[in-house]
Amino acid sequence: MKINKKDILVLIPARSGSKGLPDKNIKKLHGKPLISYTIETAQEIFDNSQVIVSTDDLKIAKIAELKGANIPFLRPKELAQDDSSTRDVILHLVEFLKSKKRIPSIIVLLQATSPLRNSTHLNEALKLFFQKDCDMVVSVSESKISPYFNLFEENKQGYLKKSKAGIYMRRQDVPLCYEYNGAIYIFKTKSIVKSEMKDFKKIVKYVMPKNDSIDIDDELDWKLAEYILTKGHDDKIGNS
């Protein structure tokens, strides 16, 4: 499939509410607002007009606009709650685009909470999407926990049993398992309009290194991301 970048829109959802880290999306990480990392990554590949930030918050909107992102609307408050689904946010965008007669064939969803995902990752994931017959390419990291080895469920008698059947003595022997890292989702617009992501039949993984897969949810994640960014900066100075 030939890539036509003009037929792609990037969606960066960034709501105001965050119980673990207040104002997380615009809190400064290593000197700049968290959301800036994701906007900059998208801008390395796409035009500003293709990079849309969906937010309910004027402060987030202002910072995103200063970075050059497109803010075509403020998201309704009912779509910015703890229980609001990502798909509902996407469908809200699609309905808006329908009114503008600007429906993209492909939507790239980039969460603002993944600051270590970069344009190389995104380019590689896009290349994979256009090589495969799939509904979605999603970024993952290899999981250290496995339903075959060290994930357990409680049975009716109250005893723990392995989540998946299989007798394995060493972790190295179990089938590889992957976890979504929240950094990159690329899907056909028609697929997400038709069904939930979890119901997609053709999902292709894009594997990212663990160090680049941090999804900031709490203070510990924040400190780890800050450490990695600082260490990377210090290494560049040391090697210059």
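Helices and strands here are DSSP runs, numbered from the N terminus; a helix has at least four residues and a strand at least two. The model is predicted.

**Two surface patches**

Start with aspartate 215. This residue sits in the loop between strand 10 (203-207) and helix 6 (219-239). Is aspartate 215 buried, partly exposed or exposed? Its relative accessibility is 32%, and so aspartate 215 counts as partly exposed. Aspartate 215 also has company. Together with Asp217, Asp218 and Glu219, Asp215 forms a negative patch on the surface.

A second patch is nonpolar. Leu176, Tyr178 and Val207 make up this surface patch. Together they offer about 270 Å² of accessible area. Where is leucine 176 found? Leucine 176 lies in the loop between strand 8 (160-162) and strand 9 (178-188). Its relative accessible area is 54%. The cut-off for exposed is over 50%, so leucine 176 is exposed.

**A covered strand**

Now turn to strand 1, residues 8-13. How many of its 6 residues are buried? The count is 5, so strand 1 is mostly covered.

Strand 1 has two pairings to look at. With strand 5 (residues 106-109), strand 1 pairs in the parallel sense over 4 bridges. Here valine 10 stands opposite valine 108 of strand 5. Strand 1 also runs parallel to strand 4 (residues 51-54), and 4 bridges join them. Which residue in strand 4 is the bridge partner of leucine 11? The partner is isoleucine 52.

Side chains in a regular strand alternate between the two faces of the sheet.

**Positive phi in two loops**

Two residues deserve a look at their backbone angles. Histidine 30 has phi near 55°, a positive value in a residue other than glycine. Lysine 101 is not a glycine either, yet its phi is positive, at about 55°.

Both residues lie in loops. Histidine 30 is in the loop between strand 2 (28-29) and strand 3 (32-33). Lysine 101 is found in the loop between helix 3 (86-99) and strand 5.

How is each residue covered? Histidine 30 has a relative accessible area of 32%, so it is partly exposed. Lysine 101 has a relative accessible area of 77%, so it is exposed.

The table gathers the loop residues discussed above.

| Residue | Relative accessible area | Class |
|---|---|---|
| Leucine 176 | 54% | Leucine 176: exposed |
| Aspartate 215 | 32% | Aspartate 215: partly exposed |
| Histidine 30 | 32% | Histidine 30: partly exposed |
| Lysine 101 | 77% | Lysine 101: exposed |

Methods: Residues are numbered from 1 along each chain as its sequence is written. This is a predicted model: local features need pLDDT of at least 70, side-chain atom pairs count only at pLDDT 80 or more; totals for chains, interfaces and linings use all residues. Side-chain values use heavy atoms; hydrogens and water are left out. Patches are made of residues with over 30% relative accessible area and no salt bridge: like charges are joined within 9 Å, nonpolar side chains (Val, Leu, Ile, Met, Phe, Trp, Tyr) within 5 Å. Accessible areas come from the Shrake-Rupley method with a 1.4 Å probe; for residues, only the protein chains shown count as cover. A salt bridge is a side-chain nitrogen of Lys or Arg within 4 Å of a carboxyl oxygen of Asp or Glu. Buried means under 20% relative accessible area, exposed over 50%, partly exposed in between (1.4 Å probe, protein chains only). Two strands pair if DSSP finds at least two bridges between them. Lys and Arg count as positive and Asp and Glu as negative; His and the chain ends are not counted. The place of a charge is taken as NZ of Lys, CZ of Arg, CG of Asp or CD of Glu.
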